[in-house]
Amino acid sequence: NHGRSLARTVASERPWFVRAAATTALGAVGGPHAAEILVNALSAERWEMRDAAARGLAAHDDHGIDAMTARIDTLTDDAVAHFVGACDVTGQLDRIIARAAGGDPGCDALVRRALRAGSSAALERLAAQDDAVGSYAAAVLSEGR
């Protein structure tokens with residue numbers, strides 16, 4: 001299985017550029033197991049590894065979001081901010097905020113951690129909407145200040 005081989009390479013002691021390439025490839029493979037490995041890679045020392053992991057998780061849609069929310073309490077603010085930035089670029093951040101507004105507790109925790117990590121632009125943009133998502137975004141921003 002290519003996914004398992006890539007996961008072993010990501011977690012190996014190989015040079016950072018080999019692990020970064022494997023992280024990028026694992027992000028393209030997808031799946032819940034890949035998402036878990038990518039969440040682990042968000043704690044890597046090298047920015048290139050963290051970036052590949054964040055982009056891969058953002059591309060995994062719900063698998064990536066669910067893997068992040070399952071581990072939200074163990075992640076650094078930098079890891080959360082990197083993931084949220086990748087999600088903002090790909091349009092996934094609006095989905096996360098909408099899921100949070102709809103009552104998803106994991107996405108709510110992720111949105112609040114992202115705000116604490118300094119990511120507020122999407123919330124500010126969405127707070128202008130006259131709907132449940134806008135009300136949620138405005139409330140989170142208000143509580144965060």
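This is a guided tour of a predicted model, going from the whole chain to single residues.

Local features are given where pLDDT is at least 70 and side-chain atom pairs at pLDDT 80 or more, while totals for chains, interfaces and linings use all residues. Residues are numbered from 1 along each chain as its sequence is written, and side-chain values use heavy atoms, with hydrogens and water left out.

**Whole chain**

Select the protein chain and colour it by secondary structure. There are 10 helices and 0 strands; helices (H or I, at least four residues) and strands (E, at least two) are DSSP runs, numbered from the N terminus. The order along the sequence is α-α-α-α-α-α-α-α-α-α. The radius of gyration is 15 Å, close to the 15 Å from the globule rule for 145 residues, so the protein chain is as compact as a globular protein of that length. This radius is taken over C-alpha atoms, and the rule is 2.2 Å times the number of residues to the power 0.38.

Show the C-alpha trace alone: along its principal axes it spans about 50 × 25 × 25 Å. Of contacts between residues at least 6 apart in sequence, 60% join residues at least 24 apart; a contact means heavy atoms within 4.5 Å.

Now turn on the surface. The protein chain exposes about 7300 Å², and carbon and sulfur atoms supply 51% of that area (Shrake-Rupley method, 1.4 Å probe; for residues, only the protein chains shown count as cover). Buried residues make up 45% of the 145, where buried means under 20% relative accessible area, exposed over 50%, and partly exposed in between (1.4 Å probe, protein chains only).

**Helix H4 and the loop after it**

Select residues 47-59, which form helix H4. At 1.5 Å a residue, its 13 residues should span 18 Å, and the end C-alpha atoms are 18 Å apart, which agrees; the expected span is 1.5 Å times one less than the number of residues. The buried residues of H4 include Met49, Asp51, Leu57 and Ala58.

Next, pick Asp61, in the loop between H4 and H5. Its phi is near 50°, a positive value in a residue other than glycine. Asp61 is partly exposed, with a relative accessible area of 36%.

**Thr69 and Leu110**

Go on to Thr69 in helix H5 (residues 62-70). Thr69 has 16% relative accessibility and counts as buried. Beyond its neighbours within four places in sequence, Thr69 is in contact with Gly106, Cys107 and Leu110.

Follow the last of these contacts to Leu110, in helix H8 (residues 105-116). Leu110 is buried, with a relative accessible area of 1%. Not counting residues up to four places away in sequence, Leu110 touches Thr69, Ile72, Val80, Phe83, Val84 and Ile96. For a distance check, select His33 as well: Leu110 and His33 are 77 residues apart in sequence and 20 Å apart in space, C-alpha to C-alpha.

**Helices H9 and H10**

Select Ala121, in helix H9 (residues 121-126). Ala121 counts as exposed at 51% relative accessibility. Draw a C-alpha to C-alpha line from Ala121 to Asp88: the distance is 9.3 Å, across 33 residues of sequence.

Finish at Ser135 in helix H10 (residues 132-144). Ser135 counts as partly exposed, at 49% relative accessibility. Its C-alpha lies 8.2 Å from that of Ala101, with the two residues 34 apart in sequence.
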